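Good morning, and thank you for making time on the agenda. I would like to take you through one structure, and I ask that you keep the display in view while I speak.

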Amino acid sequence: MSRKVSKVFKQSGVIPYRVNNGKIEILLITTRNFQHWVIPKGDIPNGMSSPDSAAKEAWEEAGVIGQVDANALGTYKYRKRGKSYCVKMYLLPVEMLSEDYPEASKRKRQWVEVPKAIRRVKFNSLKRILKGFFEVKSHFCAFRC
């Protein structure tokens with residue numbers, strides 16, 4: 001008896017962040033239907049690296065530019081419309097925030113402190129990645145920010 005192997009679609013995304021008044025903030029965006037708060041992510045085009053794809057998604061969906069850390073922070077999985085996705089996450093310290101970007105009319109965006117971001121995002125595996133990021137960055141910022 002053979003079992004159908006379901007394909008897992010690979011995506012990449014970023015956690016866009018900044019330090020504001022000594023506190024770490026994450027830029028969350030809404031889904032296109034404005035129902036959920038998420039982070040910028042999307043399919044990886046053929047011939048493009050995961051970090052480069054993540055940077056492209058950050059620009060298109062959130063209007064942010066910065067240098068994506070090439071070391072993946074972690075991955076999370078989700079299902080949508082019967083398909084399985086695995087998202088490789090990267091950090092993006094935001095250097096520029098534009099008001100004019102490809103999906104500006106399709107999404108809202110908001111800077112929030114990490115604990116609030118963790119509460120707002122939908123997927124538990126993404127919450128776990130945000131918690132890990134917060135622990136590392138909080139320790140780092142205690143000495144450097």
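I begin with one term: a residue is called exposed when its relative accessible area is over 50%, buried when that area is under 20%, and partly exposed in between. With a relative accessibility of 75%, N21 therefore counts as exposed. F34, at 42%, counts as partly exposed. I shall return to both residues shortly. Please bear in mind throughout that this is a predicted model.

Let me turn to the overall architecture. The protein contains nine strands and three helices. Read from the N terminus, the order of the elements is β-β-β-β-α-β-β-β-β-β-α-α. The protein has 145 residues, of which 42% count as buried. Among contacts with a separation of 6 or more, 68% are between residues 24 or more positions apart.

I now come to strand β2, residues 23-30. Seven of the eight residues in β2 are buried. Which strands does β2 pair with, in the antiparallel sense? One partner is β1, residues 8-20, joined to β2 through four bridges. Another is β9, residues 109-113, which runs antiparallel to β2 and is joined to it by five bridges. A further partner is β3, residues 37-38, with two antiparallel bridges to β2.

Individual residues help to place these pairings on the display. N20 has K23 in β2 as its bridge partner. E25 stands opposite E113 of β9, and T30 stands opposite W37 of β3.

Two of these pairings are hairpins, and here N21 and F34 return. The hairpin of β1 and β2 has two residues between the strands, and N21 lies in that loop. The phi of N21 is near 50°, a positive value in a residue other than glycine. The hairpin of β2 and β3 has six residues between its strands, and F34 lies in the loop there. For F34, phi is near 65°, again positive in a residue other than glycine. As a general point, most residues other than glycine have a negative phi.

The next element is strand β7, residues 83-93. Is β7 largely enclosed or largely open? It is largely enclosed by the rest of the structure, because eight of its eleven residues are buried. β7 pairs with β1 in the parallel sense over ten bridges, and in that pairing Q11 stands opposite V87. With β6, residues 74-80, strand β7 pairs in the antiparallel sense over seven bridges. The hairpin of β6 and β7 has two residues between the strands, and R81 takes a positive phi near 50° there.

C86 lies in strand β7 and offers a useful local view. K77 stands opposite C86. Leaving aside neighbours within four places in sequence, C86 is in contact with V8, F9, K10, Q11, T75, Y76 and K77. C86 and T75 are eleven residues apart in sequence, and their C-alpha atoms are 6.7 Å apart.

Let us move to the nonpolar interior. The largest nonpolar core has 21 residues, and those touching the most other members are I15, I26, Y76, M89, L130 and F133. Two or more residues of this core come from each of β1, β2, β6, β7, α2 (114-120) and α3 (124-144). L130 touches I15, I26, V114, A117, I118 and V121, with residues up to four places away in sequence not counted. A second, separate core has 13 residues, including V14, A62, V94 and W111.

My last topic is the largest pocket. How much space lies in it? The figure is about 570 Å³. The pocket is lined by 21 residues, and those closest to its centre are T31, K41, Y78, K80 and R107. Which elements each supply at least two residues of the lining? They are β4 (41-43), α1 (50-62) and β6. By residue class, the lining divides into eleven charged, five polar and five nonpolar residues.

To close, I would point out that β6 appears in two of these settings: it gives two or more residues to the largest nonpolar core, and it supplies at least two residues of the lining of the largest pocket. Thank you for your attention.

Terms used. Residues numbered from 1 in each chain as written. Predicted model: local features only at pLDDT ≥ 70, side-chain atom pairs only at ≥ 80, totals over all residues. Heavy atoms only, no water. Buried < 20%, exposed > 50% of the residue type's maximum accessible area, 1.4 Å probe, protein only. Pairing = 2+ DSSP bridges. Core = buried A, V, L, I, M, F, W, Y, C linked by side-chain atoms within 4.5 Å. Contact = heavy atoms within 4.5 Å. 1 Å grid on protein atoms, 1.4 Å probe; cavity = no way out; pocket = protein on both sides within 12 Å on 5 of 7 lines; lining within 4 Å. Points joined across faces, edges and corners; volume = space filled by probe spheres on them. Nonpolar A, V, L, I, M, F, W, Y, C, P; charged D, E, K, R; others polar.
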